[in-house]
Amino acid sequence: MISNNALFIVIRFLLLIIVQVLVFNNLNYFGYINPMVYLLFLYWYPINDQRAFFILWSFLLGLMVDWFSDTMAIHAAATVTIAYLRPAIMRFCFGSNLEFQNFRISSTTQAQQIVFLTLLIFIHHLIFFSLEIFSLGNTLLILKKVLFTGLATLVISLLLRTLFSIKKR
Amino acid sequence: MQQIINFILKYKNFLLYVFLLTIALVFTVRARSYHHSKFFNSANWLTGNVYESTHSVSSFFSLGTENEKLVEENKWLRQQLYNLEKAPPEPLDSTKITYSVTAAKIIKNSYSLPRNYITLDKGRVDGLEIDMGVITSKGILGIVEHTSKNFSMVQSILNVRSRINAKILNTNHYGSLVWDTKDYRTVQLKDIERLVPLKVGDTIVTGASSSIFPENIPIGVIAHFEVNPNHSSYQIDVKLFNDMTTVKNVYIIKNNQREEIIELESKVGND
């Protein structure tokens with residue numbers, strides 16, 4: 001299967017970083033909304049691969065985005081956390097389907113896939129903005145940023161997902 | 001021993017996660033309390049070159065407006081020159097001037113985060129050093145925080161850590177300029193005493209007690225002010241002259257007497 005190929009993972013990794021830092025980091029809708037589409041890497045990553053590799057890849061991904069956008073290491077912290085939590089989130093979204101030997105995300109229903117993506121995005125954004133703002137006094141501001149940036153990320157990610165989906169045969 | 005190895009093997013993913021998360025948090029907390037990490041900023045070889053090559057394409061689209069800005073500035077400078085009471089005494093001797101200026105281009109700008117940093121296409125080989133002031137033709141922009149060989153990273157005035165000495169034009173009332181992260185068009189001026197007469201529209205410029213910026217570099221105008229209820233000082237919103245979203249060409253100012261000033265101040269501090 002194409003999506004399991006290590007080369008494809010590397011290419012996807014590099015392309016998502018480039019698209020993130022050169023295009024989506026400069027959108028600034030309403031002055032502050034910059035969708036974080038690089039999270040699609042975690043959505044697309046093959047599920048039966050070694051978990052340790054997945055966590056390492058995700059950490060590197062966040063670190064590279066941090067490197068380009070001068071955000072200390074908060075992308076890395078948030079991304080590595082959802083990478084670690086991904087199996088639990090998947091169990092929540094797909095339930096017993098996961099047990100099947102040839103389980104693929106594309107074989108589940110649209111609703112399940114969207115819930116999975118939404119959970120990934122919102123958990124990530126919650127950690128990201130909490131670390132970025134780093135004060136309990138600004139909880140409302142954090143929630144506002146999580147909500148609006150999360151919605152923007154979700155919409156753009158869904159569009160990209162449809163655009164680059166592997167065709168069912 | 002066997003049990004320890006079994007434990008590590010069993011929880012290796014969790015341990016890996018905790019290890020990586022700790023690295024990330026250490027980087028974050030250290031950058032929050034001290035300077036940005038030395039190699040962990042966008043002024044390095046890789047990110048600098050990526051940003052520079054994309055900038056060389058995208059800058060074509062704004063060449064017209066940038067030209068107009070420069071002509072406008074030249075016009076203003078010439079007007080000042082022709083109206084000087086007396087001509088400059090002699091050709092400026094580079095050993096005697098206090099401030100020297102370098103020009104650079106912004107290759108990465110940011111204004112939507114609480115801590116914004118700007119990357120420039122000039123670095124150590126062009127004579128840039130940490131703690132030089134960065135301005136545009138309209139006003140102040142930030143302070144150099146890191147330099148690499150060919151690039152440098154500027155702490156923007158739109159950064160919660162930025163603190164710049166500022167005053168009201170033609171007076172001696174000083175305050176410090178900070179940013180509350182709410183709006184990229186306004187910054188806040190604190191510590192101006194409430195006895196000072198203020199008006200909306202008064203101009204704010206850099207103060208004399210900074211060894212980074214020359215005095216009287218424009219910053220913005222007062223948009224709104226109120227007396228801080230807990231203190232005897234004003235809380236002033238300053239609307240910036242610079243549109244931080246479209247800045248392209250910048251000047252970096254080096255104060256040639258800065259080392260002397262700092263040496264002197266540290267001596268006084270030690271006594």
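**View 1. Chain B, split into its two assigned domains.** In this predicted model, the domain assignment cuts chain B into domain 1, covering 2-33, and domain 2, covering 36-255. Measure between their C-alpha centres and you get 41 Å from domain 1 of chain B to domain 2 of chain B.

**View 2. The contact face between chain A and chain B.** Here 25 residues of chain A meet 24 residues of chain B. On the chain A side, helix 3, helix 4 and helix 5 each put in at least two residues. Helix 3 of chain A gives the most, with 7 residues. Sort that side of chain A by residue type and it comes out as 16 nonpolar, 6 polar and 3 charged.

**View 3. The largest nonpolar core, built from both chains.** This one has 46 residues, and A:Y38, A:L39, A:A77 and A:V80 have the most contacts inside it. Chain A chips in two or more residues from each of helix 1 (6-22), helix 2 (40-44), helix 3 (51-69), helix 4 (74-94), helix 5 (110-133) and helix 6 (139-163), and chain B does likewise with helix 2 (12-33). Helix 3 of chain A again stands out, with the largest share of the core at 10 residues.

**View 4. Zooming in on A:V80.** Leaving aside residues up to four places away in sequence, A:V80 touches A:I55, A:S58, A:F59 and A:G62 in chain A, plus B:Y17, B:L20, B:L21 and B:A24 across in chain B.

**View 5. Another core, apart from the largest one.** This separate core has 43 residues, including B:M153, B:W179, B:F213 and B:Y234.

Terms used. Residues are numbered from 1 along each chain as its sequence is written. Chains are lettered from A and ligands numbered from 1 in the order in which they are written. This is a predicted model: local features need pLDDT of at least 70, side-chain atom pairs count only at pLDDT 80 or more; totals for chains, interfaces and linings use all residues. A nonpolar core is a set of buried Ala, Val, Leu, Ile, Met, Phe, Trp, Tyr and Cys residues joined through C-beta atoms within 7 Å. A residue is buried if 20 or more other C-beta atoms lie within 10 Å of its own, exposed if 12 or fewer, and partly exposed in between; C-beta atoms are placed from the backbone. Helices (H or I, at least four residues) and strands (E, at least two) are DSSP runs, numbered from the N terminus. Two residues are in contact if their C-beta atoms, placed from the backbone, lie within 7 Å. Ala, Val, Leu, Ile, Met, Phe, Trp, Tyr, Cys and Pro count as nonpolar, Asp, Glu, Lys and Arg as charged, and the others, Gly among them, as polar. Domain bounds come from an automatic or database domain assignment.
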